[in-house]
Each structure stands twice: as structure tokens, then as C-alpha cells.
Amino acid sequence: MHVPSYLLALVAVQLQVVPLQAGTEYHCEYLAAHRDLVCQCQRYTMTISSLSSLIAKYPGRVESIKLHLCQSLDLTISTVDIQQPFYQLRIEDIDQVTLHGVELGHGHALDILVRNVRDHLNMVGRIECSDCPKLQSNSSMDVRLSAKPTLIMQVKDTTQATIQYMDITSVNFRLKTRNVENIKIVNSQVDKMTKNAVELFYSQRLDISNSIFKHVEEAAMIINHVDRVEVTHTLGFNNRSLQLLSNKTEVVFSCTAPYDGIMGPLYSWEEEKCGPVSVLLYQGKEKGKGGGTGAVILTISCVGVLIIVMLVVIFMHRRGKLDILL
């Protein structure tokens, strides 16, 4: 019996399909021509705790990775044990992404591109260089040895992006967003923001709260076609930190204070409205305990004030004085 050639071709294609392994969350293909590793989910979620362990499973040199087509991605990034150059990580077409910090090696540079996150991008943890030499005051260290690694993060076409409980230190960090509906920076600390370090384009809202910016240059954050920017309970960030490229952006600052130095006209911290947070008290505790403490102090102070107000209301209610005031 004569078998048509197109049926033989179909059978050959089917024989080349590798069967799925039970218990495997994702499947990866190594593209040798591009030195690229492309991974997609076989189930709902993908959890990657070590990029170097992921790369070690596949032959050939890997210079970039693409993770896509998942409902949920849980990812921890470290380039310390990855052979260089490793220059790009792409995250695309995923419902929800959680990034648990970024650790870069000395002299490394990484570009993270996040695109089409339909639900939520959540970034927590530390962005740091773990093996960078520490600069001492009056040090004559070679400039090449003291150079910080660079992390460029681009987020596009995403519903919401949140940076929370994140400490960004010892890394040249740049953030660019396009068409991200809502952006939040909450309970975070940034050591340094240079001019044009952050570009936020085409968003509905940017909220910054309970955060600390130690050293911020003027026009560090470029805002273009963002409907509303609100900064509250934050140290070291003022309206000179922003550069507005569109005149329809509503900007609101409340409960702001300098990280170092006197209050000045660019800040406003009223204890009746913002709570009894002293800048000098914060600096003493933060410098004594290390990074990330200031944001926690601000949050605890606000919660403490709220608890005191609730206790006063309960006390007045029991004494019958609340009805008189009402």
C-alpha cells in the first residue's frame, strides 16, 4: 500500500517530540547560535532559585535567558557563579512575577527586560554586589576595582509593578518603565540615584511611601505622561528629584524630610499629621543597625500612632465622653 509522503513527514515530526517528564515545572531549549536559553512552563508555575544551576543543566555557553508563558514565576537572581558574559534576562507573557532580589558579581552588568505581565510584578529583597571591595575613606584603590556593577531593569506593558522591602546598594541601578499602569515603591531604601536613573513613561499612578533615599541627584526620576505622582512618609526625596516632561501630571508631597541635614523649604513633616518621627532619631538608629531599618521605623511609628488614637477613642467611649463630643 502506498503511503502519501505528507503522512510520512507527519510521523517523522511526531517521533522527534520529547515526552514530558513527570514533575517537571518547565522545559528549556538551548539555542546554540544565539547562546540563548529559552524556558517555558509545562505547568502553572515556574520556580527558579538559582540561575547558575539552571544553566548547568544544558550544554554550551549561555549569555542570555528567556522565561515565558507561565501563570506564575518565582525567581531569585545571582550572577556571581555564572560565566561571563551573561548580559540579559527576559521575562515575558506571565500573569504574576515575584523577583526575590538581585545579586551581581564585581564587574558584571545585567539587563532585565520584563514584558506583558498581566497581573502583578513584585520585587522584594536586596539588589547588591556581594563580592565588591569596600571603599575606605581616603582610599587610593584602583578605579577599576572600585567600579560598581550595573543593573538595568526595563518593565513594559504591565498592569502593576511594586518595589517593596527592597534595599538597593553597591550597584548602579537604572529603571525604565513604559505602559505600566500603576507603580509603587514601598518600604524600600535606595543608597544612590543619579540623574536620569529612573524613567517612568505612560502610567496612571506612581506612589512612593515609607521609603528612604540616601543620596539623590536633581532630576533623578524622569516622569512623562504619568497622571499622578504621590510621595508620602519618605526621607531624602523632594520635587527637585523629579523632572516632569508632561504638564498634566499631578504631583503631591506630604510627610517628607531630608535624609541628612536641615528640613528646608523642600520638605514638610508635621508631627500632628505625620506622626512623631524625628529625623535625628531615625538617623541614629539606621546608622547603628544597617540598611533597611529606617523604612521599618517609619512604618512602626505610623502604626504606633494609629494604635494610640484607637486606645484613646476606646477609653473615651467607656467613660461616656465620646457621646458628648459627637
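Two cavities of 30 Å³ or more turn up inside this structure, which is a predicted model. The largest cavity holds about 120 Å³ of space. As for how such gaps come to light, rolling a probe the size of a water molecule over the atoms shows where empty space is left.

What lines the largest cavity? Its walls are built from Ile163, Ile168, Phe173, Leu175, Ile185, Ser188, Val190, Lys192, Met193, Val198, Phe213 and Met221. Sorted by class, that lining comes out as 10 nonpolar residues, 1 polar residue and 1 charged residue. A quick look through the names picks out Ser188 as the polar one and Lys192 as the charged one. Four strands each put at least two residues into this wall: E7 (150-168), E8 (172-186), E9 (189-193) and E10 (198-216).

The second largest cavity has about 30 Å³ of space. Around this one sit Met123, Val155, Ala161, Thr162, Ile163, Leu175, Thr177 and Ile183. Two elements, E7 and E8, give two or more residues each to that lining. Strand E7 makes the largest share, with 4 residues. By class, the lining of the second largest cavity splits into 6 nonpolar residues and 2 polar ones, with no charged residue at all. Thr162 and Thr177 are the polar pair here. Two names come up in both lists: Ile163 and Leu175 line the largest cavity, and Ile163 and Leu175 also line the second largest cavity.

Now for the cysteines. How many disulfides does the structure hold? There are 4 of them. If the bonded cysteines are numbered in sequence order, the pairing reads 1-2, 3-4, 5-6, 7-8. Three of these links are described below.

One of the disulfides joins Cys41 and Cys70, with the sulfur atoms 1.8 Å apart. The torsion about its S-S bond is 100 degrees, and the link is right-handed. This pair connects distant parts of the chain, with Cys41 sitting in strand E2 (residues 36-41) and Cys70 in strand E4 (residues 64-78), 29 residues apart. Are these two cysteines buried or exposed? Both Cys41 and Cys70 are buried.

Another disulfide ties Cys129 to Cys132, with an S to S distance of 1.8 Å. Why does this link count as right-handed? The torsion about the S-S bond of Cys129 and Cys132 is about 95 degrees, so the disulfide gets that label. Cys129 is buried, and Cys132 is buried too.

Then there is the disulfide between Cys255 and Cys274, where the sulfur atoms lie 2.1 Å apart. With -90 degrees about the S-S bond, the Cys255 and Cys274 link is left-handed. Because Cys255 belongs to strand E13 (residues 250-257) and Cys274 to helix H4 (residues 271-274), the pair ties together parts that are 19 residues apart in sequence. How accessible are its two ends? Cys255 has a relative accessibility of 4%, so it counts as buried. Cys274 is buried as well, with a relative accessible area of 4%. The cut-off behind both calls is a relative accessible area under 20%.

Methods
Residues are numbered from 1 along each chain as its sequence is written. This is a predicted model: local features need pLDDT of at least 70, side-chain atom pairs count only at pLDDT 80 or more; totals for chains, interfaces and linings use all residues. Side-chain values use heavy atoms; hydrogens and water are left out. On a 1 Å grid over the protein atoms alone, a cavity is a set of points where a 1.4 Å probe fits but cannot get out, and a pocket is an open set with protein on both sides within 12 Å along at least five of seven lines; lining residues have an atom within 4 Å of a point. Grid points are joined across faces, edges and corners, and a volume is the space filled by probe spheres set on the points. A disulfide is a pair of cysteine sulfur atoms within 2.5 Å. Buried means under 20% relative accessible area, exposed over 50%, partly exposed in between (1.4 Å probe, protein chains only).
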